[in-house]
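Me: Could you walk me through this structure? I'm new to this, so please go slowly.

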Amino acid sequence: MSFIELSIIQSMKKEFVLTKKLDHVAFIMDGNGRWANLRGLPRHLGHKEACNRIIELFEACREFNIKYMSFYAFSTENWDRPQDEIDHLMDYLEEFFHREIDYLDSIGTKLVVSGDLSRIREKTRKVCYEAIERTKNNSNWYINVCLNYGGRDEIVRAAKKFATEVKEGKANIEDLNESSFKNYLWAPEIPDVDCMIRTSGEMRLSNYLIYQNAYAEFVFTDVKWPDFRKEQFIDCLREYQNRNRRFGGLKNA
Ligand code: IPE
Ligand code: IPE
Ligand code: MG
C-alpha cells in the first residue's frame, strides 16, 4: 500500500462519525490466551494486557457518545480453567478497579456487575462491591462487567426471583411481559444491546447476554482482544453502521 493510500485510509478513520443509534455496545474480550501464546508468554499475561484495553475502549465509546458498555470478563463456564489462570485473572481485575475507580467515578461512571459474585474470591468481591457502592449514584456512563456471568443462569435466576415474588403475593403473573421480565435480570437499567463485538475470530455467543442480545447486530473480528484498540473498534463501528436494522419490519433503523 502506498503512503498516499495509507494516509487516505487513516484520515478516513479519523473522520468516522457515528450516526446510527448505538446506546449499548457489548464486548466479548476473547483471544487473550492465544495472544500470549503467540508471543511465547504465559496465558495470564494475555489477561493482564486485556485489562489495559478496557479503559481505552471506554474512552473510545465516550468519544462516540456510547453510554452503555458491557465487558465479558469471566463466564460461568470459565471455572473449568486451571485455578492458577483464574487467580491471575482476578488479580488483574482487582488491579483494574483499583487503578481506574477514581477516574471513572470523577466523570460520573456507574459500575455495574452482572453475575453471581458470591462464588468469586473474597478480595475481588470486596473490590467489586466497593466500586458498585461508590459509583451507584452516577449516570453519565455505564460499565457493566460480566463476572461469573452466564446468560442461561441469568434467565433461570430471573424466573426464580419472579416465581418467589408471586408466591409471596408481591407480583402477578398477568403483569409479566418481555419488558417487565428485564427487571429480574442482573442490570435492568441497561438497555438492550445494539452492537455485540467479539474478538479473536470465534463466531459464537458463549452464553453472553442472551436476553439482551435478541436484536443486536453481531460484529466479529479476527483481532485478538489485547490488540483491539480504538482503530480496530472503529472498523467494527463502520460495519455496524452499514447494517440494515429492521427489527422484523421493513424500515431500516
Ligand atoms: C478471553 O480470552 C478471556 C476469558 C475467557 C477469561 P481467552 O482466555 O478465552 O483466550 P483464548 O480464547 O484462549 O485465546
Ligand atoms: C467467552 O470466552 C468468555 C469471556 C470472554 C469471558 P471463552 O473463550 O470462554 O468462550 P469459548 O470457550 O470460546 O466459547
Ligand atoms: Mg477464548
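Reply: Let's begin with ligand 1, which takes up the space of the largest pocket. Please keep in mind throughout that this is a predicted model.

Me: Which elements give two or more residues to the shell around ligand 1?
Reply: Those elements are α2, covering residues 32-38, α3, covering 43-63, and α4, covering 83-106. The one that gives the most is α2, with 3 residues in the shell.

Me: How many residues surround ligand 1, and which are the closest?
Reply: There are 13 residues around ligand 1, and the closest of them are Asp30, Gly33, Arg34, Arg43 and Arg81. Sorted by class, this shell holds 3 nonpolar, 5 polar and 5 charged residues.

Me: What lies 2.9 Å from an oxygen atom of ligand 1?
Reply: That is a polar atom in the side chain of Asp30. The backbone also takes part in the surroundings, since a polar backbone atom of Gly31 is 3.4 Å from an oxygen atom of ligand 1, and a backbone N or O atom of Asn32 lies 3.1 Å from an oxygen atom of ligand 1.

Me: And how much of ligand 1 does the protein cover?
Reply: On its own, ligand 1 has 370 Å² of accessible area, and the protein covers 86% of it.

Me: Back to Asn32, where does it lie?
Reply: Asn32 is a residue of helix α2. While its backbone has the contact with ligand 1 that I mentioned, the side chain of Asn32 makes a polar contact with the side chain of His47, at 3.1 Å.

Me: Is Asn32 buried or exposed, and why?
Reply: Asn32 counts as buried because its relative accessible area is 8%, and the cut-off for that word is under 20%.

Me: OK, switching to ligand 2. Which residues are around it?
Reply: The residues around ligand 2 are Ile28, Met29, Asp30, Tyr72, Ala73, Phe74, Asn78, Arg81, Arg198, Arg204 and Ser206. By class, that makes 5 nonpolar, 2 polar and 4 charged residues.

Me: Which element has the largest share of that shell?
Reply: The largest share comes from strand β2, residues 68-75, which contributes 3 residues to the shell around ligand 2.

Me: Where does ligand 2 sit, in terms of pockets?
Reply: The space that ligand 2 takes is the largest pocket, and the space taken by ligand 1 is described in that way too.

Me: Which side chain has a polar atom 2.6 Å from an oxygen atom of ligand 2?
Reply: That side chain belongs to Ser206. Two arginines can be added to the picture, as a polar side-chain atom of Arg81 lies 3.3 Å from an oxygen atom of ligand 2, and an N or O atom in the side chain of Arg198 is 3.3 Å from an oxygen atom of ligand 2.

Me: How much of ligand 2 does the protein bury?
Reply: Taken alone, ligand 2 exposes 390 Å², and 77% of that is buried by the protein.

Me: You mentioned β2. What about Met69, is it buried or exposed?
Reply: Met69, which is found in strand β2, is buried, because its relative accessible area is 0%. If you compare its position with that of Leu57, the two are 12 residues apart in sequence, and their C-alpha atoms are 9.1 Å apart in space.

Me: New topic. Which residues have a positive phi without being glycine?
Reply: Among them are Asn207, whose phi is near 70°, and Leu209, whose phi is about 40°. Asn207 lies in the loop between β5, residues 195-198, and β6, residues 217-220, and Leu209 lies in the loop between β5 and β6 as well.

Me: Are those two buried or exposed?
Reply: Asn207 is buried, because its relative accessible area is 15%, and Leu209 is buried too, because its value is 1%.

Me: What about Ser179, is that one buried or exposed?
Reply: Ser179 has its place in helix α7, residues 178-181, and it counts as exposed because its relative accessibility is 54%, where the cut-off for exposed is over 50%.

Me: How far is Ser179 from Phe97?
Reply: Their C-alpha atoms are separated by 32 Å, and the two residues are 82 residues apart along the chain.

Terms used:
Residues are numbered from 1 along each chain as its sequence is written. Chains are lettered from A and ligands numbered from 1 in the order in which they are written. This is a predicted model: local features need pLDDT of at least 70, side-chain atom pairs count only at pLDDT 80 or more; totals for chains, interfaces and linings use all residues. Side-chain values use heavy atoms; hydrogens and water are left out. A residue is near a molecule or strand if one of its heavy atoms lies within 4 Å of it. A polar contact is a pair of N or O atoms within 3.5 Å; within protein, one must be able to donate a hydrogen and the other to accept it, and residues adjacent in sequence count only if both atoms are side-chain atoms. Accessible areas come from the Shrake-Rupley method with a 1.4 Å probe; for residues, only the protein chains shown count as cover. On a 1 Å grid over the protein atoms alone, a cavity is a set of points where a 1.4 Å probe fits but cannot get out, and a pocket is an open set with protein on both sides within 12 Å along at least five of seven lines; lining residues have an atom within 4 Å of a point. A molecule sits in a cavity or pocket if more than half of its atoms lie within 2 Å of its grid points. Helices (H or I, at least four residues) and strands (E, at least two) are DSSP runs, numbered from the N terminus. Ala, Val, Leu, Ile, Met, Phe, Trp, Tyr, Cys and Pro count as nonpolar, Asp, Glu, Lys and Arg as charged, and the others, Gly among them, as polar. Buried means under 20% relative accessible area, exposed over 50%, partly exposed in between (1.4 Å probe, protein chains only).
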